[in-house]
2 protein chains.
Amino acid sequence: MLNKQEIEIIRQFNRKYTNTLGLLNKRVFNTELSFPEARVLMSITNGSTPMEIADKLHLDASYTSRIIKKLTKLNFIKKDVSVKDARSKKLSLTDSGIDLLDKINSDSDIQIKNLIEDLSSPQQQELYQAFETINNILFEIDGE
Amino acid sequence: MLNKQEIEIIRQFNRKYTNTLGLLNKRVFNTELSFPEARVLMSITNGSTPMEIADKLHLDASYTSRIIKKLTKLNFIKKDVSVKDARSKKLSLTDSGIDLLDKINSDSDIQIKNLIEDLSSPQQQELYQAFETINNILFEIDGE
DNA sequence: GAATATAATGGCTTTTGTCCACTAAAGGAG
DNA sequence: CTCCTTTAGTGGACAAAAGCCATTATATTC
């Protein structure tokens, strides 16, 4: 087990990265959507159910439902009743939802580039490796 | 500059770590304080001014003021008028604020330990190194 | 087929955060 | 020094984000 100083380094990271993510997620994308709404949109893959989204993002079912309702009204996603389970809905992005997602993704890429642009190339590589390491260890990669 | 796949790894980290931090910060400590209140408490060092806290945590001045008011009422911090600038307040923790901070710190340590306890010892070390690397590169260490 | 569980949703409330106006005190510029 | 502008802190009003609970409709289990 890590010692006290090592744990403290991780906690220090958490505190600072809370700030960083807070800032990144504030300058929300195209201002078309709020951050939680964008998060939901980004997490929808073809056939996702509202429950799956709520579980994945750790959102309340009710809150998730409202966000999905709004995204549907804005015509970014559509809801079809599941064939297998009439209680459940199958979500998917509309064409304009796909467009928006593309926009969000490219804007997010730019944010990341801004974050690292002042670093030297070796530092950027080292930073990238570190993120990849954490992804691998903590999130066992792949499973987006 | 990093390429598209590398940027995507960082974005993937951000998405997943948003979840992680969301969970860590939800099971808030002793439930005595909310997460933003705990954040403010943790950021107070002897002589901090409300403005400094607001800047550091990227909080609205008004919101910060209210949190400080509550922490003062709960007797975790105290406010003294600055000698140099009568508009400004100098904040410091009371004894019971120090106690609470200790409790929060030890609880936070436990959370981190839980997060990594299932990993092998080499993995924990690798993970720690990665966090340290990011701290160094992105936050230029030290400056808590 | 009755009891139980689950998905989605709406109403209501709380928490979190923003905006604006106001007070009091500094900090110039003349 | 006096006027003008700026800054620190605060409260009121409000908006956004998130959670809780009840309800409906459908599945599942016994």
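**Exercise 1. The two copies**

By what turn, and with what shift along the axis, can chain B be laid on chain A? Work it out on this predicted model, then say what kind of axis you have found.

*Solution.* Start from the general picture: two copies of a chain are related by a rotation about an axis and a shift along it. Here the turn comes out at 180° and the shift at 0.0 Å, and chain B then sits on chain A with an RMSD of 0.1 Å. That is the relation of a two-fold axis. Now go looking for the axis itself: in chain B, the C-alpha nearest to it belongs to Ala130(B), 2.3 Å away. Last step, the contacts: both copies use the same surface, as 100% of the contact residues of chain B turn up again in chain A.

**Exercise 2. The cores**

Find the largest nonpolar core and say which elements build it.

*Solution.* Count its members first: this core has 17 residues. Next, pick out those with the most contacts inside it, and you get Ala130, Phe131 and Ile134 from chain A plus Ala130, Phe131 and Ile134 from chain B. Ala130(B) should ring a bell, since its C-alpha was the one nearest the axis in chain B. Then go to the elements: two or more residues come from each of α1 (4–24) and α6 (121–139) in chain A, and from each of α1 (4–26) and α6 (121–139) in chain B. For a close-up, take Phe131(A): leaving out residues up to four places away in sequence, it touches Ile9(B), Ile10(B) and Phe13(B). Don't stop there, though: another core of 16 residues lies apart from this one, with Val40(A), Leu41(A), Ile68(A) and Phe76(A) among its members.

**Exercise 3. The DNA strands**

Describe the surface near DNA strand D, then do the job again for DNA strand C.

*Solution.* Strand D has 22 residues around it, the closest being Ser34(A), Ser62(A), Ala86(A), Met51(B) and Ser62(B). The elements giving two or more residues here are α2 (35–43) and α4 (61–73) of chain A, along with α3 (50–57) and α4 (61–73) of chain B. The top contributor is α4(B), with five residues.

Now strand C. Of its 22 surrounding residues, Met51(A), Ser62(A), Ser34(B), Ser62(B) and Tyr63(B) come nearest. This time α3 (50–57) and α4 of chain A join α2 (35–43) and α4 of chain B in giving two or more residues, and α4(A) has the largest share, five residues.

Finish with the chemistry. The surface near strand D splits into nine nonpolar, six polar and seven charged residues; near strand C, the tally is nine nonpolar, six polar and seven charged.

Definitions and conventions
Residues are numbered from 1 along each chain as its sequence is written. Chains are lettered from A and ligands numbered from 1 in the order in which they are written. This is a predicted model: local features need pLDDT of at least 70, side-chain atom pairs count only at pLDDT 80 or more; totals for chains, interfaces and linings use all residues. Copies are superposed by least squares on the C-alpha atoms of residues with pLDDT of at least 70 in both. Two residues are in contact if their C-beta atoms, placed from the backbone, lie within 7 Å. A nonpolar core is a set of buried Ala, Val, Leu, Ile, Met, Phe, Trp, Tyr and Cys residues joined through C-beta atoms within 7 Å. A residue is buried if 20 or more other C-beta atoms lie within 10 Å of its own, exposed if 12 or fewer, and partly exposed in between; C-beta atoms are placed from the backbone. Helices (H or I, at least four residues) and strands (E, at least two) are DSSP runs, numbered from the N terminus. A residue is near a molecule or strand if its C-beta atom, placed from the backbone, lies within 6 Å of it. Ala, Val, Leu, Ile, Met, Phe, Trp, Tyr, Cys and Pro count as nonpolar, Asp, Glu, Lys and Arg as charged, and the others, Gly among them, as polar.
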